[in-house]
Amino acid sequence: LGKSLDVLVCNAGLSLSTAAKPPPPTTADGFEITVGTNHLGHFLLCNLLLPELERSPDPHPRIVITASQVHDPESAGGNVGSKATLGNMDGLAKGSGWE
């Protein structure tokens with residue numbers, strides 16, 4: 001397009017209830033969808049676009065990652081529904097072959 005990339009804003013985010021049934025969906029790679037969207041998706045996008053940012057004529061190109069109060073159970077935004085947890089961590093004990 002002939003335009004430079006000076007700022008990348010990562011604003012995607014979701015917060016599914018930990019009490020939802022059935023369990024939240026997973027990404028194509030098997031990660032829980034919230035982790036895949038809010039963390040791994042931003043990481044991948046930033047890494048893919050980093051060369052474009054480095055070519056920017058702007059002397060200070062930026063990556064901005066937003067967050068919300070949903071992750072803070074003490075805030076008004078996070079004090080809704082069930083509190084976020086890491087679950088029982090069974091997936092770590094099962095190793096790389098678990099689903």
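**Close-up 1. Arginine 55 and its salt-bridge partner.** At 56% relative accessibility, arginine 55 falls in the exposed class. This is a predicted model, and in it arginine 55 makes a salt bridge with glutamate 52. The closest N and O atoms of the two sit 2.4 Å apart. Glutamate 52 is partly exposed, at a relative accessible area of 33%. How many salt bridges does the count come to? Just one salt bridge turns up by the rule used here. As a bit of background, side chains of opposite charge can pair when their charged atoms come close.

**Close-up 2. Cysteine 10 and cysteine 46, with no disulfide.** The disulfide count comes to zero. Cysteine 10 is in no disulfide, and its nearest cysteine sulfur, the one on cysteine 46, is 3.8 Å away. Cysteine 46 is likewise in no disulfide, its nearest cysteine sulfur being that of cysteine 10. Why does this pair not count? A disulfide here needs two cysteine sulfur atoms within 2.5 Å, and the sulfur of cysteine 46 is 3.8 Å from that of cysteine 10, so the pair doesn't make the cut. Are these cysteines buried or exposed? Cysteine 10 is buried, with a relative accessible area of 1%, and cysteine 46 is buried too, at 11%. For reference, a disulfide is a covalent bond between the sulfur atoms of two cysteines.

**Close-up 3. Threonine 34 in helix α1.** Which element holds threonine 34? That would be helix α1, which covers residues 33-54. Threonine 34 has a relative accessible area of 15%, which puts it in the buried class. Leaving out residues up to four places away in sequence, threonine 34 touches Leu14, Leu16 and His39.

**Close-up 4. Stepping back to the protein chain.** The secondary structure of the protein chain adds up to two helices and two strands. Reading from the N terminus, the elements go β-α-β-α. What share of the 99 residues counts as buried? For the protein chain that figure is 13%. About 7,800 Å² of the protein chain is exposed, with carbon and sulfur atoms supplying 60% of that area. As for contacts, take those between residues at least 6 apart in sequence: 58% of them join residues at least 24 apart.

Technical notes
Residues are numbered from 1 along each chain as its sequence is written. This is a predicted model: local features need pLDDT of at least 70, side-chain atom pairs count only at pLDDT 80 or more; totals for chains, interfaces and linings use all residues. Side-chain values use heavy atoms; hydrogens and water are left out. Helices (H or I, at least four residues) and strands (E, at least two) are DSSP runs, numbered from the N terminus. Buried means under 20% relative accessible area, exposed over 50%, partly exposed in between (1.4 Å probe, protein chains only). Contact means heavy atoms within 4.5 Å. A salt bridge is a side-chain nitrogen of Lys or Arg within 4 Å of a carboxyl oxygen of Asp or Glu. Accessible areas come from the Shrake-Rupley method with a 1.4 Å probe; for residues, only the protein chains shown count as cover.
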